Amino acid sequence: MDGVAEQDARDPDHLTTTTEQGRFCVAHCTCGWRGPARRARSQARTDATRHESGC
């Protein structure tokens, strides 16, 4: 599931996506948050999930 972190009954103001930037993957949120660049897509998705659950 590349490109969008899983969504269910979470806050609609915090919709996360992941984008590729060269060799790196970065998680972004509609609230303006941006995660660190990661080489592992799975880690970028984990960053996005942690952000959503912490908001």
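**Close-up views of the chain**

**View 1. T30 counts as exposed.** Its relative accessibility is 53%, so T30 falls in the exposed class, which begins over 50%. The model shown in this and every other view is predicted. T30 sits in the loop that runs between β2 (24-29) and α1 (41-54). Which residues does T30 contact, leaving aside its neighbours within four places in sequence? They are P12, D13, H14 and L15. T17 is another residue to locate in this view. In sequence, T30 and T17 are 13 residues apart. In space, their C-alpha atoms are 8.6 Å apart.

**View 2. The whole chain has one helix and two strands.** Follow the sequence from start to end, and the pattern reads β-β-α. The chain has 55 residues, and 25% of them count as buried. What share of the chain's contacts with a separation of 6 or more comes from residues 24 or more positions apart? That share is 22%. Now consider the surface. The chain exposes about 3600 Å². Carbon and sulfur atoms supply 48% of that area.

**View 3. β1 and β2 pair in the antiparallel sense.** How many bridges does the pairing run over? There are six. Two facing pairs help you find your place. T17 stands opposite H28 in β2. T19 stands opposite V26, also in β2. A general point helps in reading such a view. In a regular strand, side chains alternate between the two faces of the sheet.

**View 4. Two residues lie between the strands of the β1 and β2 hairpin.** G22 takes a positive phi here, near 65 degrees. R23 is also found in the loop between β1 and β2. Is R23 buried or exposed? R23 counts as exposed, because its relative accessibility is 68%. Not counting residues up to four places away in sequence, R23 touches R38 and R39. R41 is a further residue to look for. R23 and R41 are 18 residues apart in sequence. Their C-alpha atoms are 9.9 Å apart in space.

**View 5. Helix α1 has 14 residues.** From its first C-alpha to its last, α1 reaches 20 Å. That is close to the 20 Å expected at 1.5 Å a residue. Which residues of α1 are buried? They are A44, D47, A48, H51 and E52. Seen down the helix axis, these buried residues fall within an arc of 130 degrees, so they line one face of α1. What do they pack against? The buried residues of α1 pack against β1 (16-21) and β2. The face turned away from the buried side carries the exposed residues R50, S53 and G54. A general rule is useful when you look down a helix. An α-helix has 3.6 residues a turn, so residues three or four places apart point the same way.

**View 6. R41 and E20 form a salt bridge.** A search of the whole structure finds two salt bridges. In the pair shown here, the closest N and O atoms are 2.6 Å apart. R41 lies in helix α1 and E20 in strand β1, so the pair ties together parts that are 21 residues apart in sequence. How accessible are the two partners? R41 has 42% relative accessibility, so R41 counts as partly exposed. E20 has 43% relative accessibility, so E20 counts as partly exposed.

**View 7. D47 and R38 form a salt bridge.** Their closest N and O atoms are 2.8 Å apart. Why does D47 count as buried? Its relative accessibility is 9%, and buried means under 20%, so D47 belongs to the buried class. D47 is also one of the buried residues of α1. R38 counts as partly exposed, because its relative accessibility is 28%. R38 appears in View 4 as well, where R23 touches R38.

Definitions and conventions:
Residues are numbered from 1 along each chain as its sequence is written. This is a predicted model: local features need pLDDT of at least 70, side-chain atom pairs count only at pLDDT 80 or more; totals for chains, interfaces and linings use all residues. Side-chain values use heavy atoms; hydrogens and water are left out. Helices (H or I, at least four residues) and strands (E, at least two) are DSSP runs, numbered from the N terminus. Buried means under 20% relative accessible area, exposed over 50%, partly exposed in between (1.4 Å probe, protein chains only). Contact means heavy atoms within 4.5 Å. The expected span of a helix is 1.5 Å times one less than its number of residues. The arc is that of the directions from the helix axis to the C-beta atoms. Accessible areas come from the Shrake-Rupley method with a 1.4 Å probe; for residues, only the protein chains shown count as cover. A salt bridge is a side-chain nitrogen of Lys or Arg within 4 Å of a carboxyl oxygen of Asp or Glu. Two strands pair if DSSP finds at least two bridges between them.
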